[in-house]
Amino acid sequence: MTSEAERWYDDAAGPVVRPYAMTRGRTSHAAEGRLDLIALVVSESRSEEGDPHADTDRALSPEHVDIIERCRVQPTSVAELAADLDLPLGVVRVLIGDLLDADLVHVSRPVPPAELPDASVLRDVINGLRAL
Amino acid sequence: MVFGRSERNKPVIEPVALKILVAGGFGVGKTTLVGAVSEIRPLRTEEELSEVGRPVDDTGGVESKRTTTVAMDFGRITLREDLVLYLFGTPGQDRFWFLWDELAQGALGAVVLADTRRLEDCFAAVDYFERRAIPFAIAVNCFEGAQQHPADMVREALDLDADVPVVLCDARDRASAKDVLITVVENAAKVAAGRREPAAT
């Protein structure tokens with residue numbers, strides 16, 4: 001009886017899989033430096049080839065597939081992927097790095113710009129905010 | 001080039017993504033401000049940090065490697081199909097300063113939220129953005145019950161340059177939060193113009 005009450009269930013028991021187990025222990029990836037928080041990840045479309053992941057399926061974890069699916073619907077930022085998948089940023093960056101290596105996704109504007117965006121972009125932002 | 005491969009099927013619009021930081025002391029209303037204008041409920045992303053070699057609290061002889069999880073709240077505003085603005089609340093505790101460098105990289109500008117009852121809480125943020133020449137504006141969150149200080153007094157207390165905007169706001173109010181962001185971007189535009197024509201002024 002008592003042992004039943006002492007057991008932890010569901011979220012209380014912590015993650016079933018430790019986060020970095022998903023990356024097979026890797027904490028960084030060659031591409032990581034390129035993955036800005038707001039870099040947008042876009043899935044490569046391969047619909048004309050039938051099952052998009054037929055050839056690479058076995059190397060992909062469910063989390064990899066999840067990222068591909070989300071980024072197929074809509075380009076999604078690195079930060080949003082981490083939040084949506086409930087994974088630490090470091091883990092998500094490694095996973096995205098794998099997908100980049102496999103040419104399954106690409107990243108738009110991966111490198112944070114050193115300078116402020118040009119005047120016309122800033123004006124667009126101001127106008128966009130005013131119109132909200 | 002980036003667009004090449006996906007164009008053949010359904011062209012996916014790849015928006016330009018920009019970010020603004022929302023800084024300020026612990027509990028000053030950063031996430032509230034983000035939530036007031038964000039089109040999504042503020043999301044939380046976590047970074048696991050190894051604290052080895054970091055200048056952190058004295059752990060008094062605890063030699064083992066420890067990791068800390070830092071949470072950053074953020075929101076999103078889609079301004080146009082091809083233009084998205086992200087708002088990142090910076091981690092409130094001073095000990096996570098090193099994380100700011102990543103957040104600040106490529107940021108359009110920053111809001112420093114201030115509470116006049118604890119103005120000193122935002123000194124560090126002001127200092128940070130000044131040193132890195134990141135355009136910022138001070139937004140004084142007018143908490144109910146707090147004495148309202150004129151913007152000029154806040155400017156003086158924070159020893160701000162004359163070109164740093166100071167506005168009063170209500171972080172819970174969407175229109176007010178929107179005005180704060182507009183102020184930040186207008187200031188960024190002014191700073192950018194100044195940098196492009198260094199001989200002008």
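Here are some worked exercises on a predicted model with chains A and B.

**Exercise 1. Work out how the contact between the two chains looks from the chain A side.**

Start with the head count: chain A puts 34 residues into the contact and chain B puts in 36 residues. Next, find where the chain A residues sit. Elements giving two or more residues to the side that touches chain B are β1 (40–43), α3 (78–85), α4, β3 (105–108) and α5 of chain A. Of these, α5(A) supplies the largest share, 9 residues. Last, sort that side of chain A by class: 21 residues are nonpolar, 7 polar and 6 charged.

**Exercise 2. Describe how α5(A) and α5(B) pack: what is the angle, what is the handedness, and which residues touch?**

Take the axes first. They come within 9 Å of each other and cross at roughly 165°. An angle over 145 degrees counts as roughly antiparallel, so that is the label for α5(A) against α5(B). As for handedness, the crossing is left-handed.

Now go to the residues. From α5(A), the contact uses A:A119, A:L122, A:V125, A:I126, A:L129 and A:R130. From α5(B), it uses B:K178, B:L181, B:I182, B:V185, B:E186, B:A188, B:A189, B:A192 and B:A193. Sorted by class, this helix pair has 12 nonpolar, no polar and 3 charged residues in contact.

**Exercise 3. Look at α5(B) by itself: how far does it reach, which of its residues are buried, and what covers them?**

Helix α5(B) runs over residues 174–196, which gives 23 residues. From first C-alpha to last it reaches 33 Å, close to the 33 Å expected at 1.5 Å a residue.

Its buried residues are B:A177, B:V180, B:L181, B:T183, B:V184, B:V185, B:A188 and B:A189. The cover over them includes a piece of the other chain, α5 (119–130) of chain A. Chain B's own β1 (16–24), α1 (30–37), β5 (109–114), β6 (136–141) and β7 (166–169) are also part of the cover.

**Exercise 4. Decide whether α4(A) is enclosed or open, and say how α2(A) packs on it.**

Helix α4(A) covers residues 89–101, so to speak a 13-residue stretch, and reaches 18 Å, close to the 18 Å expected. Count the burial: 11 of the 13 residues are buried, so the helix is largely enclosed by the rest of the structure. The buried ones are A:L89, A:G90, A:V91, A:V92, A:R93, A:V94, A:L95, A:I96, A:G97, A:D98 and A:L99.

Then bring in α2(A), residues 62–73: the two helices pack at about 75°, with axes 10 Å apart. That makes them roughly perpendicular. On the α2(A) side, A:E63, A:H64, A:I67 and A:I68 meet A:L95, A:I96, A:D98 and A:L99 of α4(A). By class, the contact has 5 nonpolar, 1 polar and 2 charged residues.

**Exercise 5. Check the positive phi values at A:D86 and B:D159: where does each residue lie, and is it buried or exposed?**

A:D86 has a phi of about 55°, though it isn't a glycine. Its place is the loop between α3 and α4 of chain A. It has 12 other C-beta atoms within 10 Å, and exposed means 12 or fewer, so A:D86 is exposed.

B:D159 has a phi near 55°, again positive in a residue other than glycine. It lies in the loop between α4 (151–158) and β7 of chain B. With 9 C-beta neighbours inside 10 Å, B:D159 is exposed too.

Notes. Residues numbered from 1 in each chain as written. Chains lettered and ligands numbered in written order. Predicted model: local features only at pLDDT ≥ 70, side-chain atom pairs only at ≥ 80, totals over all residues. Helix = DSSP H or I, 4+ residues; strand = E, 2+ residues; numbered from the N terminus. Expected span 1.5 Å × (residues − 1). Buried ≥ 20, exposed ≤ 12 C-beta atoms within 10 Å, placed from the backbone. Contact = placed C-beta atoms within 7 Å. Nonpolar A, V, L, I, M, F, W, Y, C, P; charged D, E, K, R; others polar. Axes fitted to C-alpha atoms, helices over the stretch in contact; angles between N-to-C directions. Parallel < 35°, antiparallel > 145°, perpendicular 65-115°, else oblique. Left-handed = near helix turned anticlockwise from the far one by under 90°.
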